Amino acid sequence: MEVLTKAIIDARTWESAQAIADGEHQSTCPKTTHSARVADLSVDAQGALIGRVDAAWRADCEHAGLGWSFFNAEDQIVNQGSKSQNFVSSALMGEALAVREALDSALELGLVTLHLESDSKLLIDTIRSTNFAH
């Protein structure tokens, strides 16, 4: 019930930010916000959760909405959060920031293993292809 209520409130906030007044697009961008929900962090046998991240980007004001959820082995949400971020230069940057926020959240929760998923093929390919050895 809590998740549905938050989703409805967020959807209404997004719709009002997208409203068209007198045939012109409103130029106001959402303010930066952050929210999180935590439940029992029961992990799978390997001690890992599945983290799923996503972002939505508004090019007109360089603003992104970031979201992440952690799921246990039974595919139940055990932690989730969202954040809005100003000064985001691209959709890819928004996706990368969502990953960073999920990783920061995992560290705060004391997780040592996390399986991360994203719908941004470009981001995942970039992360996988990057050589971090110096």
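**Asking why, one residue at a time**

Modeller: Let's start with helix α2 of this predicted model. Its buried residues are Gly 94, Glu 95, Leu 97, Ala 98, Val 99, Glu 101, Ala 102, Ser 105 and Ala 106.

Biologist: What covers the buried residues of α2?

Modeller: Strands β4, β5, β6 and β7 (113-118) are among the elements that cover them, and so is helix α3 (121-129).

Biologist: How do you know whether the length of helix α2 agrees with what its residues should span?

Modeller: We set the expected span against the distance between the ends. Helix α2 covers residues 91-108, which is 18 residues, and at 1.5 Å a residue it should span 26 Å. The end C-alpha atoms are 26 Å apart, so the two values agree.

Biologist: What comes just after α2?

Modeller: Gly 110 does, with a positive phi of about 80°.

Biologist: What makes the phi of Glu 62 worth pointing out?

Modeller: Most residues other than glycine have a negative phi. Glu 62 is not a glycine, yet its phi is positive, at about 50°. You will find Glu 62 in the loop between β4 (48-58) and β5 (63-71).

Biologist: Where else does a residue other than glycine have a positive phi?

Modeller: Look at Asp 75, where phi is near 60°. Asp 75 lies in the loop between β5 and β6 (77-86).

Biologist: Why is Asp 75 called buried, exposed or something in between?

Modeller: Its relative accessible area is 46%. Buried needs under 20% and exposed needs over 50%, so Asp 75 counts as partly exposed. The value for Glu 62 is 37%, and therefore Glu 62 is partly exposed by the same rule.

Biologist: And Ser 82, how is it classed?

Modeller: Ser 82 sits in strand β6. At 22% relative accessibility it is not under the 20% cut-off, so it counts as partly exposed.

Biologist: How far is Ser 82 from Trp 68?

Modeller: The two are 14 residues apart along the chain, and their C-alpha atoms are separated by 6.4 Å. Trp 68 belongs to strand β5. From Trp 68 to Asn 79 the C-alpha distance is 8.4 Å, with their positions 11 residues apart in sequence.

Biologist: Why is Trp 68 called buried or exposed?

Modeller: Its relative accessibility is 4%. That is under 20%, so Trp 68 is buried.

Biologist: What about His 63?

Modeller: His 63 is also found in strand β5. At 3% relative accessibility, again under 20%, it counts as buried.

Biologist: What makes the pair of His 63 and Asn 86 a polar contact?

Modeller: The contact joins their side chains at 2.6 Å, and the cut-off for N or O atoms is 3.5 Å. A polar atom of the His 63 side chain also lies 3.4 Å from the backbone oxygen of Gln 85, which is within that cut-off too.

Biologist: Which residues touch the most other members of the largest nonpolar core?

Modeller: Those are Val 53, Leu 66 and Phe 70, in a core of 16 residues. The elements giving two or more residues to this core are β4, β5 and α2. The largest share, 5 residues, comes from α2.

Biologist: How many aromatic pairs does the structure hold?

Modeller: The count is 0.

Biologist: Why is the charge of Arg 52 said to sit over the ring of Phe 71?

Modeller: The charged end of Arg 52 is 4.2 Å from the ring centre. The distance cut-off is 6 Å, so that part of the rule is met.

Technical notes:
Residues numbered from 1 in each chain as written. Predicted model: local features only at pLDDT ≥ 70, side-chain atom pairs only at ≥ 80, totals over all residues. Heavy atoms only, no water. Helix = DSSP H or I, 4+ residues; strand = E, 2+ residues; numbered from the N terminus. Buried < 20%, exposed > 50% of the residue type's maximum accessible area, 1.4 Å probe, protein only. Expected span 1.5 Å × (residues − 1). Contact = heavy atoms within 4.5 Å. Polar contact = N/O pair within 3.5 Å; in protein donor to acceptor, adjacent residues only side chain to side chain. Core = buried A, V, L, I, M, F, W, Y, C linked by side-chain atoms within 4.5 Å. Phe/Tyr/Trp six-rings, centres within 6.5 Å; stacked < 30°, edge-to-face > 60°. Lys NZ or Arg CZ within 6 Å of the ring centre and 35° of its normal.
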